[in-house]
Amino acid sequence: MIKYDYLIVGAGLFGAVFGREAMRRGKRCLVIDRRDHIGGNVYCENVEGINVHKYGAHIFHTSDKMIWDYVNEIVPFNRYTNCPVAQAPDGKLYNLPFNMNTFYQMWGVKTPAEAEAKLEEQRREAVEALDGREPRNLEEQALVLIGRDIYDRLIKEYTEKQWGRKCTELPADIIRRLPVRLVYDNNYFNDAYQGIPVGGYNRLIEGLLEGAEIRLNCDFFDHRDELEALADKIVYTGPIDRFFDFRGGRLQYRTVRFETEVIDEPNFQGNAVVNYTSREVPFTRIIEHKHFESFGAAVYDNPRTVVSKEYSMEWTPDLEPYYPINDERNARLYESYREMTESLPKAGDGTSKYIFGGRLADYKYYDMAPTVAAALNCFK
Ligand code: FAD
């Protein structure tokens, strides 16, 4: 009954890169996904001629030229550069990441030496307040790293919205470094390459999966025996706890709720990403999707725009699992599931029958570039 070399469970980025590499080697693949579309979380929905990042804004970035060339071979990427701005509780806008523009907006300082002196003064106050002891929570840690003004206006309430807990109740080690740039540079990423596929992410996934046999609306667990009998090996990119029937308990996540609306004006906020750092504003960010792919005067070619407000939320099993929780309970539980993978049956050739990969099976937050790299590594 074996018809395929690989059954790939999940048509996200991991499954799609794996599928392409397998097909290039002459392997027969069946790709399934429980959703009604391919692409996993990078999927975009076309609304009013605009690619809307349905599962959250996605910006591809990497310093690995091999990965950059790999994805650009499928579809060229545009020159989008992520330069978010933040609206603070004082109502003013500040550039991110923290750089000379931010320091000018905050303190009116114009030279790197003036900014450094101001930062040092603020950090010193925080260290003195600790009176020789180590920071005990995120708030104390952030104050030591960056000082009161930036913490109060750009970090505190935003972080509390993201985690749903007070900064004084969050562990200090969530923030190890808070990089500052003493140059006028609003580019969020330090990577050599960044951008968005021209025409949107769906083109990337469609290109990767060209020629593959795909079944949508197909949940692996609804047809497990029948599907497993079809292939020599199973590539599983879904949640690892689900694979083992939640035997040890459920892994936990943070999630995001998106409120998306069409606005009858061409340019709502002038930027793809605006963060709202005040607790008075219930959402964390507004994404204006057209700015990922239209630049300059071209923004006005479409008289409408689409924006998504993002609300950070506690996860429950009926919601999308987005961000793994890095605490002891979940780390231990993930490890117990990982150990279970070692005693699964082997394939006919004695190698593992099951290959686990991607963000849900590894219970790890992966950016897109490392996801591509991880799928490519399976073939090394
Ligand atoms: P997914 O995209 O989740 O694909 C897994 C697929 O498996 C899904 O399609 C799912 O439906 C399917 N599946 C699950 N269970 C089953 C089942 N039982 N049967 C059949 N199919 C199943 N990365 C960046 O580099 N830049 C960014 O700006 C960025 N922004 C992000 C924003 C958010 C809100 C989030 C959560 C992530 C972001 N990422 C970003 C990370 C990026 O989304 C991941 O790197 C990428 O999606 C990982 O792909 P994947 O294939 O591992 O997982």
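## Bridge partners in strands β12 and β13

Val273 has Ile287 of β13 as its bridge partner. This pair belongs to a predicted model. Strand β12, residues 273–276, runs antiparallel to strand β13, residues 285–288, and 3 bridges join the two. Another of the facing pairs is Val274 with Ile286 of β13.

Strand β13 also pairs with strand β14, which spans residues 305–314; the sense is antiparallel and there are 4 bridges. Here Arg285 has Glu310 of β14 as its bridge partner.

## The seven-stranded sheet

The strands β12, β13 and β14 sit within an open sheet of 7 strands. Its order is β7-β6-β12-β13-β14-β11-β15, and the pairing is mixed. At the edges are β7 (93–95) and β15 (323–324), each of which pairs on one side only. In general, strands of a sheet pair through backbone hydrogen bonds, in either a parallel or an antiparallel sense.

## The β3–β4 hairpin

Strand β3 (residues 44–47) pairs with β4 in the antiparallel sense, with 4 bridges. Glu45 is placed opposite Val52 of β4. The two strands form a hairpin with 2 residues between them, and in the turn Glu48 has a positive phi of about 55°.

Side chains in a regular strand alternate between the two faces of the sheet. In β4 (residues 50–53), Ile50 and Val52 are on one side, while Asn51 and His53 are on the other. These four residues are all buried, so both faces of the strand are covered.

## Cysteines without a disulfide

How many disulfides does the structure hold? The count is 0. A disulfide is a covalent bond between the sulfur atoms of two cysteines. For a pair to count, the sulfur atoms must be within 2.5 Å.

Cys29 has no such partner because the closest cysteine sulfur, that of Cys378, is 12 Å away, too far for a bond. Cys29 counts as buried, with 6% relative accessibility. Cys44 is likewise unpaired because the closest cysteine sulfur, in Cys83, is 20 Å from its own, too far for a bond. Cys44 is buried as well, its relative accessible area being 3%. Cys29 and Cys44 therefore fall below the 20% limit for a buried residue.

## The shell around the ligand

The ligand is surrounded by 31 residues, of which the closest are Asp33, His58, Arg359, Tyr366 and Met368. By class the shell has 16 nonpolar residues, 9 polar ones and 6 charged ones. Helices α1 (13–24) and α11 (368–377) each contribute at least two residues to this shell.

## Polar contacts and burial of the ligand

Which residues place polar atoms by the nitrogen atoms of the ligand? In Arg34 a polar backbone atom is 3.1 Å from a nitrogen atom of the ligand. In Asp219 a polar side-chain atom lies 3.0 Å from a ligand nitrogen atom. For an oxygen atom of the ligand, the distance to an N or O atom in the side chain of Arg359 is 2.8 Å. Taken alone, the ligand exposes 1,000 Å², and the protein buries 96% of that area.

Key: Residues are numbered from 1 along each chain as its sequence is written. This is a predicted model: local features need pLDDT of at least 70, side-chain atom pairs count only at pLDDT 80 or more; totals for chains, interfaces and linings use all residues. Side-chain values use heavy atoms; hydrogens and water are left out. A residue is near a molecule or strand if one of its heavy atoms lies within 4 Å of it. A polar contact is a pair of N or O atoms within 3.5 Å; within protein, one must be able to donate a hydrogen and the other to accept it, and residues adjacent in sequence count only if both atoms are side-chain atoms. Accessible areas come from the Shrake-Rupley method with a 1.4 Å probe; for residues, only the protein chains shown count as cover. Ala, Val, Leu, Ile, Met, Phe, Trp, Tyr, Cys and Pro count as nonpolar, Asp, Glu, Lys and Arg as charged, and the others, Gly among them, as polar. Buried means under 20% relative accessible area, exposed over 50%, partly exposed in between (1.4 Å probe, protein chains only). Two strands pair if DSSP finds at least two bridges between them.
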